[in-house]
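Student: I'd like a close look at one part of this model, with the helix packing spelled out. Could you walk me through it once the structure is up?

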Amino acid sequence: MNIKRILEKLDELYPYDGVCFLNYKTPWQLLFATILSAQCTDDRVNQVTAVLFKEFPTLESYDKGETAELERIIHSTGFFRAKAKHLQESARKLLHEHNGQLPSDIESLTALSGVGRKTANVVRSHIFKIPSIVVDTHVMRITQRLGLTINKDPVKIEYDLMEILPKSHWIPYNQQVITHGRKICTARGPRCGECELGEYCNEYQKRPN
């Protein structure tokens with residue numbers, strides 16, 4: 001396993017800048033944006049939250065606001081009824097159990113409606129700067145292709161990466177691999193001829209010359 005060389009190449013190709021792909025101003029806004037990002041692109045979520053966070057500017061506005069209006073605003077993110085329910089229930093729990101503050105521990109975060117480990121780890125890494133590994137579809141795909149895991153379950157992949165990555169790279173790895181997945185190593189039609197990680201990639205090695 002060439003984990004050291006892979007990380008050096010990722011650092012060279014995509015220097016970590018700490019920028020989040022989702023737009024937000026407050027901690028709970030990042031949580032809500034990440035909930036909306038399930039089965040939806042970050043670009044679409046950013047378009048929706050530009051309107052959503054103006055119309056629903058506080059946690060109280062989700063608690064007391066009209067569900068139908070919330071559903072209308074977030075409709076284009078998909079699964080809008082379930083997502084609206086998650087936003088409202090999470091807002092209520094934050095208000096009534098956490099004094100309106102976002103908790104930092106994984107157990108409290110995943111106890112919120114619509115929040116799994118991926119969403120919790122996005123919040124932990126960007127808001128609290130706690131080393132966390134976010135396993136989205138890009139991280140899952142590329143980690144498998146690089147031979148860093150044989151697992152398909154996101155939680156198992158997360159734990160595999162926690163074992164082999166130095167903690168200093170947990171957060172950078174997320175951003176670097178997601179960027180690589182968007183630019184080069186796409187799900188369909190990966191641009192293998194342009195990939196500088198090819199020598200470490202199982203999929204690339206299988207391709208005919």
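Student: Are H1 and H11 roughly parallel or roughly perpendicular to each other? Please start there, then carry on to whatever packs around H11.

Tutor: Keep in mind that this is a predicted model. H1 covers residues 3-13 and H11 covers residues 170-183, and the two pack at an angle of about 70°. An angle from 65 to 115 degrees counts as roughly perpendicular, so H1 and H11 are roughly perpendicular to each other. Their axes are 10 Å apart, and H1 passes H11 in a left-handed crossing. On the H1 side the contact is made by Leu7, Leu10 and Asp11, while H11 brings Tyr173, Gln176 and Val177. Sort the residues of this contact between H1 and H11 by class and you get four nonpolar, one polar and one charged. As for spacing along a helix, an α-helix has 3.6 residues a turn, so residues three or four places apart point the same way.

Now for H9, since its buried residues pack against H11 too, along with helix H10 (154-164) and helix H12 (202-206). H9 runs over residues 137-145, and this helix is mostly covered, with seven of its nine residues buried. Those buried residues are His138, Val139, Met140, Arg141, Ile142, Thr143 and Arg145. At the N-terminal end of H9 you'll find a cap from Asp136: one of its side-chain oxygens sits 3.1 Å from the backbone nitrogen of His138. Past the other end, just after H9, Gly147 takes a positive phi of about 75°.

Arg145 deserves a stop of its own. Its relative accessible area is 15%, and the cut-off for buried is under 20%, so Arg145 counts as buried. What does its side chain reach? That would be the backbone oxygen of Thr186, at 3.2 Å. Setting aside neighbours within four places in sequence, Arg145 touches Cys185, Thr186, Ala187 and Pro190, and also Tyr200, Cys201, Asn202 and Glu203.

For another helix pair, hop over to H3 (residues 42-55) and H5 (residues 67-74). Their axes come within 9 Å and cross at roughly 155°. Over 145 degrees counts as roughly antiparallel, so that is how H3 and H5 are arranged. In this pair, Val48, Val51, Leu52 and Glu55 of H3 meet Leu70, Ile73 and Ile74 of H5. The class split for the contact of H3 with H5 is six nonpolar, no polar and one charged.

While you're on H3, look at Gln47, which lies in that helix. Gln47 is partly exposed, with a relative accessible area of 47%. Its C-alpha is 9.8 Å from the C-alpha of Thr77, although Gln47 and Thr77 are 30 residues apart in sequence.

Last stop is Ser61, in helix H4 (residues 59-64). Ser61 is buried, at a relative accessible area of 16%. A polar atom of the Ser61 side chain lies 2.5 Å from the backbone oxygen of Thr58. Across a longer stretch of chain, the C-alpha atoms of Ser61 and Gln88 are separated by 8.9 Å, with their positions 27 residues apart in sequence.

How values were computed
Residues are numbered from 1 along each chain as its sequence is written. This is a predicted model: local features need pLDDT of at least 70, side-chain atom pairs count only at pLDDT 80 or more; totals for chains, interfaces and linings use all residues. Side-chain values use heavy atoms; hydrogens and water are left out. Axes are lines fitted to C-alpha atoms, for helices over the stretch in contact, and angles run from 0 to 180 degrees between N-to-C directions. Helices (H or I, at least four residues) and strands (E, at least two) are DSSP runs, numbered from the N terminus. Angles under 35 degrees count as roughly parallel, over 145 as roughly antiparallel, 65 to 115 as roughly perpendicular and the rest as oblique. A crossing is left-handed if the near helix is turned anticlockwise from the far one by less than a right angle, and right-handed if clockwise. Contact means heavy atoms within 4.5 Å. Ala, Val, Leu, Ile, Met, Phe, Trp, Tyr, Cys and Pro count as nonpolar, Asp, Glu, Lys and Arg as charged, and the others, Gly among them, as polar. Buried means under 20% relative accessible area, exposed over 50%, partly exposed in between (1.4 Å probe, protein chains only). A polar contact is a pair of N or O atoms within 3.5 Å; within protein, one must be able to donate a hydrogen and the other to accept it, and residues adjacent in sequence count only if both atoms are side-chain atoms.
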